[in-house]
Every structure is written in C-alpha cells, then in structure tokens.
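This briefing sets out the fold, the cores, one helix and the salt bridges of the structure shown below. Please read it with the coordinates open.

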Amino acid sequence: MAHAHCKLFRSFAFLLIATVAIGSMSPIAKARDITVFAAASLTDAIETAARTYERETGDKIRLSLASSSTLARQISAGAPADIFISANGRWMDWLEGQDLITPNSRYDLLANRLVLIAPTNSTLAPLDINATTDLISLVGPDDRIAVGDPDHVPAGIYAKQALTSLGKWETINPRLARADNVRAALVLVERGEAPLGIVYQTDARISDKVKIIGTFPENSHPAITYPIASITGHAKARAIKFLLWLLGDDGGRIFTDYGFEPLATMQATVPEQ
C-alpha cells in the first residue's frame, strides 16, 4: 500500500510539473504537431479524439496506427513518437525496460472485452463460451478462424490465453488465419473469407458487417487494458497536455461512445494560456 501511495505521489508530481510547463509555452511551440502511436484497435476512437482535440486547441495530432508490437519496435528503433498507447501491457513493459517511457507518465487508460464474431448473414446463433463449447465444430473442414497473430498482436495473445485456459488451443491453433493486427482479422470476417473471428468487443461494435455470437469469460485471460505513456525525450508540454486530456472526462466520453471502458479519469486543470 505504501508503494502505491508513493507511485501516486510521483505521478501527481509529474503532472504538476507538466501543467507548469504548459503554462510557460510560447504560441509557436503550442502550434507544433503531437505524434501519437496507437494500437490499431483504437483507430476510430483515437481519430475522433484527435480531431476533437484539434478543434478545441489548434494543435495538430499525427496518428500512427498499427499493431502494438510494430509500433513498439518502431519506437525502440528511434521513431519520433510523443505518446504511445498499447493494446496490452507487454509492449509497454518492453519499452519501459529500455528506459524509453517517461517516468511516472504511464497509466492504464482503457479496458476492453474479447469476443467471437461471425458475418451478419451467418446462421450461427449466440452461444455461451466455456470449457465445454466445441468451437471447432462451428467452422467447416477447410475454414479458418481469423485472429491477430498470437505471436505478437495483443488481441491474438489474449485469444491464445483464452483458448489455452479453456483447453482448446491445441485443437484450434492449426485452424487460425493469423492477421497482422486485429482490424485485419475483422476485415477477413467482414468479407466472408473467414466464418469466425476473435476480436475486441469494440472492433465488432464499429462494423455493420459482423455480429457478436459469444464473449470469452473474463477469467479466461488477463484483463485487457490499454496503457498510455509519453516517450522518453519526447515529454513535450503540448504532448503531456493531450495525454492529460485523454485521461480526463472529455477523452473518456469519446472512448465510452466507442465501447471502451475508461479506467483513469483525471480532473486535470491546465493553466490559462
């Protein structure tokens, strides 16, 4: 408990320093771009958040959207990201281990759910996913189940953990269509190239071409969280201001509209310019 209080104190100290820095910014500095690397599953929500923030502040948000693994590797190689939002903690931990995350700037921003989807014209009925559910019987002998590549894509990693927990990984693994990111897996189902897919609940919600037929038990995989942090050497005041905005109520409402569950809401006040 003492450690938690200490971390919280350091975090608020970081935010206090950030808001002071924001107040001292010149008009020219405020107008510069903010580069955000964000997981592909955040595409619609973060694009809406970025455009909203741009209208409110005049700052320009540049988005780079891909799988968390791809983005983390790019940051490690020196890509000029100001903020990183990962679809799981693993890739944020990896960057943090290289001292590439600004100390005390990391927060769990959002939560999500893992679901089984089918094309909207599928005859499959909703089902309860548990250890007795015969998922492989839901597809034909030559069909595959679309998923983000479990070797590196967070949604695929969660899918592997869930299937392993339910005792189904060894059977289903050879029948997977491994996509470069979760949105690519969604597209395979939308096009009817795969009769089933495992994606995030939020991905399914933004598509009118798929339907959710089941939700994986929350205890079958680690909690699906999206950590956010600023990148070492890129803790620009304008970027921290956007990070705070995403953590606050305004950003939270946008993420909620897209089906995410905000985990960290902050009443952060920024000095008048």
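A salt bridge is counted here when a side-chain nitrogen of Lys or Arg lies within 4 Å of a carboxyl oxygen of Asp or Glu. Under that definition, Arg 178 pairs with Asp 151, because their closest N and O atoms are 3.5 Å apart. The model is a predicted one, and 13 salt bridges are found in it.

**Overall fold**

- The chain comprises 11 helices and 11 strands.
- Of its 273 residues, 53% are buried.
- When contacts between residues at least 6 apart in sequence are considered, 80% of them join residues at least 24 apart.
- The exposed area of the chain is about 12300 Å², of which carbon and sulfur atoms supply 52%.

**Nonpolar cores**

- The largest nonpolar core contains 65 residues, and the members touching the most other members are Leu 42, Ile 85, Phe 216 and Tyr 226.
- Helix α10, spanning residues 237-247, contributes the largest share of this core, with 6 residues.
- A second core, separate from that one, has 15 residues, among them Ala 66, Ile 75, Met 92 and Ile 101.
- Beyond its neighbours within four places in sequence, Leu 42 contacts Glu 47, Ile 85, Leu 110, Tyr 226, Phe 255 and Phe 260.
- Two of these partners, Ile 85 and Tyr 226, are also named with Leu 42 among the core members that touch the most others.

**Helix α3**

- Helix α3 covers residues 43-57, a run of 15 residues.
- From first C-alpha to last, α3 reaches 21 Å, close to the 21 Å expected at 1.5 Å a residue.
- Its buried residues are Thr 43, Ala 45, Ile 46, Ala 49, Ala 50, Thr 52, Tyr 53 and Glu 54.
- The cover over these buried residues of α3 includes strands β1 (33-39), β2 (60-66) and β3 (83-85), together with helices α8 (182-190), α10 and α11 (249-257).
- Gly 58, just after α3, adopts a positive phi of about 85 degrees.

**Salt bridge between α8 and α3**

- Arg 183 is bridged to Asp 44, with 2.8 Å between the closest N and O atoms.
- This pair connects distant parts of the chain, since Arg 183 belongs to helix α8 and Asp 44 to helix α3, 139 residues apart.
- Arg 183 counts as buried because its relative accessibility is 16%, under the 20% limit.
- Asp 44 is partly exposed, at a relative accessible area of 24%.
- Through shared partners, salt bridges join Asp 44, Arg 183 and Asp 203 into one network.

**Salt bridges of Arg 178**

- Arg 178 also forms a salt bridge with Asp 149, whose closest N and O atoms are 3.1 Å apart.
- That pair links strand β7 (residues 176-179), which holds Arg 178, to the loop between β6 (145-148) and α6 (154-165), which holds Asp 149; the two residues are 29 apart in sequence.
- Asp 151 lies in the loop between β6 and α6, so its bridge to Arg 178 in β7 ties together parts that are 27 residues apart in sequence.
- How exposed is each partner? Arg 178 is partly exposed, with a relative accessible area of 34%. Asp 149 is buried at 16%, whereas Asp 151 is exposed at 52%.

Notes:
Residues are numbered from 1 along each chain as its sequence is written. This is a predicted model: local features need pLDDT of at least 70, side-chain atom pairs count only at pLDDT 80 or more; totals for chains, interfaces and linings use all residues. Side-chain values use heavy atoms; hydrogens and water are left out. Helices (H or I, at least four residues) and strands (E, at least two) are DSSP runs, numbered from the N terminus. Buried means under 20% relative accessible area, exposed over 50%, partly exposed in between (1.4 Å probe, protein chains only). Contact means heavy atoms within 4.5 Å. Accessible areas come from the Shrake-Rupley method with a 1.4 Å probe; for residues, only the protein chains shown count as cover. A nonpolar core is a set of buried Ala, Val, Leu, Ile, Met, Phe, Trp, Tyr and Cys residues joined through side-chain atoms within 4.5 Å. The expected span of a helix is 1.5 Å times one less than its number of residues.
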